[in-house]
Amino acid sequence: MTGQKNKVVIFLGPPGAGKGTQAERLAAEQNLLKISTGDILRDHVARDTELGRQVKPILDEGKLVPDAILIALIRDRLASMDAVRVIFDGFPRTLPQAEALDVLLEELGAPANAVPLLEVPDQVLVDRIVERGRQAAARGEAVRSDDTEETARKRQRVYHEQTQPLIDYYAARGHLYRVDGVGTPDEVYGRILAGMK
Ligand code: AMP
């Protein structure tokens, strides 16, 4: 036993809103495990696993990977935890994923504590994603194959259609709070902490 209290934070927001950066800092400062489903899937692609081969074309197109795959991945990650201290980054992205996560968390006795929604206007997001790709290339790093303007716009559409309904879902449960995602990373981080009970 770690003796630590359960804590579950779910970051919502469109692609490029800064969820990954903010979740990483919060995880480090509050001893939480960041679970980024995008990172997990990209790792499978990089290692050329069976799952990686299956999902690569979906990631490249900016579409969503089937719910059953994501739910199984998350169930595996949570099963091995002593205290459930996690930040979800990029999950859930659909209503069936959110419902399945609720069931899992209830089984573990660790309901969601906080759901910050990072809000950033669409055009700022596309610029950020394209810039992220450009900077990675300039540093000689691998560029995410989905960090192009066309795919960024596609991912944005997918967000509006499939993920935005989660805002109402979590608002109805009283966990959601809105965070202005425009500003320096420090400013945005301060707002996230301020909204967290
Ligand atoms: P991200 O790094 O969170 O932007 O995710 C990159 C890509 O991975 C997405 O465009 C999807 O193709 C896939 N992906 C990540 N998380 C999920 C999820 N929860 N449900 C479905 N697909 C996902």
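**Ligand shell, helix packing and two backbone features**

In this predicted model, helix H2, spanning residues 37–47, gives the most to the shell around the ligand, with 4 residues. The shell holds 16 residues, of which Thr37, Arg42, Lys63, Gly90 and Arg93 come nearest to the ligand. Sorted by character, the residues of this shell divide into 6 nonpolar, 4 polar and 6 charged.

Polar contacts with the ligand involve both backbone and side-chain atoms of the protein. On the backbone side, a polar atom of Gly90 lies 2.9 Å from a nitrogen atom of the ligand. Two arginine side chains join in through oxygen atoms of the ligand: for Arg144, a polar side-chain atom is found 3.4 Å from a ligand oxygen, and for Arg155, an N or O atom of the side chain is 3.4 Å from an oxygen atom of the ligand. As for burial, the ligand has 480 Å² of accessible area on its own, and the protein covers 96% of that area.

Helix H2 is worth a second look for its packing against helix H4 (residues 67–79). The axes of H2 and H4 come within 11 Å and cross at roughly 100°. Angles of 65 to 115 degrees count as roughly perpendicular, so H2 is roughly perpendicular to H4. On the H2 side, the contact is made by Thr37, Ile40, Leu41 and His44, while H4 brings Leu70, Leu73, Ile74 and Arg77. Thr37 thus appears twice, among the residues that come nearest to the ligand and in the contact with H4. By class, the residues of the contact of H2 with H4 divide into 5 nonpolar, 2 polar and 1 charged.

Finally, two loops carry backbone geometry that a careful reader may like to inspect. Most residues other than glycine have a negative phi, and most peptide bonds are trans. The peptide bond from Phe91 to Pro92, however, is cis, with omega near -5°. Pro92 sits in the loop between strand E3 (85–89) and helix H5 (95–107). Asn31, although not a glycine, has a positive phi of about 50°. This asparagine belongs to the loop between helix H1 (19–29) and strand E2 (33–36).

Note on methods. Residues numbered from 1 in each chain as written. Predicted model: local features only at pLDDT ≥ 70, side-chain atom pairs only at ≥ 80, totals over all residues. Heavy atoms only, no water. Near = heavy atom within 4 Å. Polar contact = N/O pair within 3.5 Å; in protein donor to acceptor, adjacent residues only side chain to side chain. Areas by Shrake-Rupley, 256 points an atom, 1.4 Å probe, with all protein chains shown as cover. Helix = DSSP H or I, 4+ residues; strand = E, 2+ residues; numbered from the N terminus. Nonpolar A, V, L, I, M, F, W, Y, C, P; charged D, E, K, R; others polar. Axes fitted to C-alpha atoms, helices over the stretch in contact; angles between N-to-C directions. Parallel < 35°, antiparallel > 145°, perpendicular 65-115°, else oblique. Contact = heavy atoms within 4.5 Å.
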